[in-house]
There are 2 protein chains.
Amino acid sequence: MNDRRVDRVLARLQEQGVSQMILTDPSSIFYLTGKMITPGSRLLALYISGEGKHRLFVNRLFPMDEDLGVEVCWFSDTDDICRMMADCTDHGLALGVDRKMTAEHLLALQGLGAGSSYVNGSGCVNQVRGQKDEEEQRKMIEVSAINDRAMEQFKNLVKAGVTEEALARQVELIYKSLGADGNSFQPHIAFGANAADPHHRPDGTVLKEGDCVLFDVGCRKDYYCADMTRTFFYKYADDEARKVYDTVLRANLAGEAAIHPGARFCDIDRAARGLIEQAGYGPYFIHRLGHSIGIDVHEPGDANTANTDPVLPGNVFSCEPGVYLAGRVGVRIEDLCMVTEDGVQILNHYPKELQVID
Amino acid sequence: MNDRRVDRVLARLQEQGVSQMILTDPSSIFYLTGKMITPGSRLLALYISGEGKHRLFVNRLFPMDEDLGVEVCWFSDTDDICRMMADCTDHGLALGVDRKMTAEHLLALQGLGAGSSYVNGSGCVNQVRGQKDEEEQRKMIEVSAINDRAMEQFKNLVKAGVTEEALARQVELIYKSLGADGNSFQPHIAFGANAADPHHRPDGTVLKEGDCVLFDVGCRKDYYCADMTRTFFYKYADDEARKVYDTVLRANLAGEAAIHPGARFCDIDRAARGLIEQAGYGPYFIHRLGHSIGIDVHEPGDANTANTDPVLPGNVFSCEPGVYLAGRVGVRIEDLCMVTEDGVQILNHYPKELQVID
């Protein structure tokens, strides 16, 4: 157990009058225990309490030898795991629960009267997780540096006859050759009009002259995630594509320039979005500016128009404006940004000026 | 909307005094609407009610053109989606919720008083989904037939110098070449002692003479999943490995022979488990005999020691006994089994006798 992190979470919970919580998110449990257990469809749960009666509930299918500094309660598929958890909680006190706990378990805990009331405690966990400590910052810098190096290799694969799918298959191999543990998410690679659909999956589409080539890719190393997008052009970029690219690049830079401790997420979003609107592409930037990232590739804490929270030192999030013209072209440029004590450190250094691949 | 399926779910709910439900599982929503939407970390929700006021809540990031025969309520990341849902529900009646709904949404709905009480309604949905109709049965047969054909190709890749990882990379390509849409899960491929760890992931382990070679693999086609395990040996199988194999094969056959409408899941598990216990390997068969399968590779309805539910015509589940001797060998043999009106149809036909690859 990382006592410092557990104490910080409990202190946040205490501010809301909550002194016990059941976490079920494997990433949060890794954050607090140092042990990544990926239980698939099975439950994994960590009970923490102000009295220090922490318990880790693990299915016997995931045996482990090491002493994590927390009492482990083993269970089988046929055990009544909610009753086991309710036997640990203080029924007279409010019980924090993980926002990702399933209704199946929450309704059962409520039926057993495990707490006097039930509170989504994830905000407290996420505030603490959101402010990466020194060790985590080092890992975020390292994994993003690998992503930078990989991007040059991805670009070099872009040539006549290649398909999105064929490129996508190379991504993980390249990451591993550079020392990463694997992909942090399935690579989004899209040519031409496909890039205008933010949820397009790489398929057999063959590269054509004049296509944009969008790579939204990330690796992970030591359980921390990278995420970066670059958009290239093949053979040429027409005037409209260049205008779109220029707009998105200026928005990316404006967003990043607006980041400093205390700035609000919504104002950072606005700084980027405003430039896209001024260029007349407002309706074609259809998503948030960015998302927080760390152990998970998407962590709570969006840079969007509604999030009035201030950014804090140690926060790491993406700045990824995009413009998508259906049937024609899509451009997105994304870096990870780490808030420092007095400004921001951009974690990606791969060039952003328009590149035409010949 | 598939009105016949919706009506069957509502009839089951009504038996429990529930006349409205919010589903959030994309597979269940596909089952009822015919449209697969994979919303990633975003919410997707289907409200169904006995009064026919069905609503589908979809994030604007997932646009679609077709008319699904249900009113679609579009929302953005910044909308208060729980309030939108609570505006549709009848606050004076019990509200069924999906077992996979997250605590974040359930607590918000409870805070808004969306129902007079909250009930895990997934049992009703799953009973209906569990009994595959004719169209679904055809798809399950078809996708398992592809898995049978693929297994022969996987076996042919087993030769000197190969690694688990290299085999794993071929799996999806072979599936697609045979007409499948892709993997239904990440292939589990393990050599020798690795096969004794049911959660081993394919890595750089190189094949050795005398190794068992375990393939637990599945493809999907038209949104339905296959899942099969075969265990081969490379060059030779020692006496202990042969005894383990023989035991597991007899358990697999005994489990399958015990399947007929009305048989209890626990008795099917027992039929297989008993043979393994008699052979002295009881402590080394550490998991359930099987799991239900269909649109999801793991669906509710386990064949385990505790599930006293009877199997019903149209149920499809795996029969996958295994014996795992740590540090030495692991053997698992798995078929999908479909309950018929008067017995069982085994969906996998790839041979099960011990094969030594030379």
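Start by selecting residues 139-341 of chain A, the stretch that UniProt, in an unreviewed entry, lists as "domain: Peptidase M24". As you look around, keep in mind that this is a predicted model. Colour the selection by secondary structure: residues 139-341 of chain A are 32% helix and 24% strand. Now pick out the two end C-alpha atoms of that stretch, and you will find them 18 Å apart.

Next, zoom in on Ser144(A), which sits in helix H6, residues 134-156 of chain A. Is Ser144(A) buried or exposed? Its relative accessibility is 0%, so Ser144(A) counts as buried. To see what surrounds it, show Ala226(A), Leu336(A), Leu347(A) and Asn348(A): these are the residues in contact with Ser144(A) once neighbours within four places in sequence are left aside.

Now zoom out to the whole of chain A and give its two parts separate colours. Domain 1 covers 3-129 and domain 2 covers 131-357. Place a marker at the C-alpha centre of each domain of chain A, and the markers will lie 34 Å apart. Where the two meet, 14 residues of domain 1 of chain A are in contact with 11 residues of domain 2 of chain A. Together the two domains of chain A bury about 1100 Å² between them, with 43% of that area on carbon and sulfur atoms. Which residues should you select on the domain 1 side? Try Arg5(A), Phe30(A) and Arg129(A), which lose the most area to domain 2 of chain A and together account for 46% of what the domain 1 side buries.

Time to bring chain B into view. Chain A can be superposed on chain B by a rotation of 180 degrees with 0.1 Å of shift along the axis, giving an RMSD of 0.0 Å. The two copies are therefore related as by a two-fold rotation axis. To find where chain A comes closest to that axis, select Thr102(A), whose C-alpha is 2.3 Å away from it. Then colour the interface: 100% of the interface residues of chain A are also interface residues in chain B, so the copies meet through the same surface.

For the last stop, look at the largest nonpolar core, which has 42 residues. Select Phe57(A), Met85(A), Phe57(B) and Met85(B), the members that touch the most others in this core. Finish with a close-up of Met85(B): neighbours within four places in sequence aside, Met85(B) is in contact with Ile22(B), Leu43(B), Ala45(B), Phe57(B) and Leu109(B).

How values were computed. Residues numbered from 1 in each chain as written. Chains lettered and ligands numbered in written order. Predicted model: local features only at pLDDT ≥ 70, side-chain atom pairs only at ≥ 80, totals over all residues. Heavy atoms only, no water. Least-squares fit on C-alpha atoms with pLDDT ≥ 70 in both. Contact = heavy atoms within 4.5 Å. Core = buried A, V, L, I, M, F, W, Y, C linked by side-chain atoms within 4.5 Å. Buried < 20%, exposed > 50% of the residue type's maximum accessible area, 1.4 Å probe, protein only. UniProt positions renumbered as here; feature names shortened; annotations may be inferred. Helix = DSSP H or I, 4+ residues; strand = E, 2+ residues; numbered from the N terminus. Domains from an automatic or database assignment. Buried area = accessible area lost by both parts, 1.4 Å probe.
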